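Here's a quick tour of one chain, going from overall shape to core packing to charged pairs. Have the viewer open while you read.

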Amino acid sequence: MTDNLYRLTDARAAAKVVEHILNDVPHDGRFMVEIKEAVKLRTLPQNARYWAGLASELRLILRDIEEVSAHTGYTPIEVRRIVAKELQPEQIALIYAQTPEAAHDILKTILGIPTSTRLGTMKFMEFEDRMLQIIAEVVGAVRAVVRAAA
């Protein structure tokens, strides 16, 4: 038997679950019933805001790196190497990320979150806040190089 999840929305739904347990589930100790509070998963607007923000921050990083490259004669890779000296080791990968999806995977690794799809709205807000903090540190390091090159 596979795992079954039931949302108890009213007395009728609860009665249906109890009936299923009493009539269809063997009572031989192989199965366990667990009742816990349902967590509301992140909303579509919350998800859209996250991806739009991440894409926007990556564009800013790329634009600033290209700007420094144009003004100094350094290649974009050389500029990234200069910026990398100002970052924590785990943050360096973000300046090489080419897509929001790649940056998202890096952020999940940095924050120790195997997946963000099952985070509830509050936990996802915490993840988003921490992501913004990390990205802000990276953008700050890039901007410092931009200022030094000006």
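A residue is called buried here when its relative accessible area is under 20%, exposed when that area is over 50%, and partly exposed in between. By that yardstick, buried residues make up 31% of the 150 residues in the protein chain. Keep in mind that this is a predicted model.

**Overall shape**

The fold is simple to list: the protein chain has 6 helices and 0 strands, so from the N terminus on the elements read α-α-α-α-α-α. How does the radius of gyration relate to that of a compact globule of 150 residues? Such a globule would come out near 15 Å, but the protein chain has 23 Å. The box around the C-alpha atoms, taken along the principal axes, is roughly 75 × 30 × 20 Å. As for the contacts with a separation of 6 or more, 60% of them join residues 24 or more positions apart.

**The nonpolar core**

The largest nonpolar core has 30 residues, and V83, L94 and I95 have the most contacts inside it. At least two residues of this core come from each of α2 (44-72), α3 (76-84), α5 (100-111) and α6 (121-149). The largest share is that of α6, with 11 residues. To see one of the hubs at work, click on V83: leaving out residues up to four places away in sequence, V83 touches I95, A141, V142 and V145.

**Helix α3 and its buried arginine**

The buried residues of α3 are V79, R80, V83 and A84. Looking down the axis of α3, you'd find them within an arc of 140°, so they line one face of the helix. What do these buried residues pack against? Their partners are α2, α4 (89-92) and α6.

The charged member of that set deserves a look. R80 is found in helix α3 and is buried, yet R80 has no salt bridge. The nearest side chain of opposite charge is E66, 5.4 Å away, and a salt bridge here calls for a nitrogen–oxygen distance within 4 Å. Neighbours within four places in sequence aside, R80 is in contact with L62, I65, I95, Y96 and Q98.

**Salt bridges**

The count comes to 6 salt bridges. Here are some of them, with the distance between the closest N and O atoms:

| Pair | Closest N and O atoms |
|---|---|
| D64 and R143 | 2.5 Å |
| D105 and K108 | 3.4 Å |
| E126 and K123 | 3.9 Å |

Start with D64 and R143, which form a salt bridge. D64 lies in helix α2 and R143 in helix α6, so the pair ties together parts that are 79 residues apart in sequence. D64 is buried, at 3% relative accessible area, whereas R143 is partly exposed at 29%. The pair also belongs to a wider arrangement: R63, D64 and R143 are linked in a network of salt bridges.

The other two pairs in the table each sit within one helix. D105 and K108 are 3 residues apart in helix α5, a separation of about one helical turn. D105 counts as partly exposed, at 42% relative accessibility, while K108 is buried, with a relative accessible area of 15%. E126 and K123 both lie in helix α6, again 3 residues apart, or about one turn of the helix. With 43% relative accessibility, E126 counts as partly exposed.

Conventions. Residues numbered from 1 in each chain as written. Predicted model: local features only at pLDDT ≥ 70, side-chain atom pairs only at ≥ 80, totals over all residues. Heavy atoms only, no water. Core = buried A, V, L, I, M, F, W, Y, C linked by side-chain atoms within 4.5 Å. Buried < 20%, exposed > 50% of the residue type's maximum accessible area, 1.4 Å probe, protein only. Helix = DSSP H or I, 4+ residues; strand = E, 2+ residues; numbered from the N terminus. Contact = heavy atoms within 4.5 Å. Arc of directions from axis to C-beta. Lys, Arg positive; Asp, Glu negative; His and termini not counted. Rg over C-alpha atoms; globule rule 2.2 N^0.38 Å.
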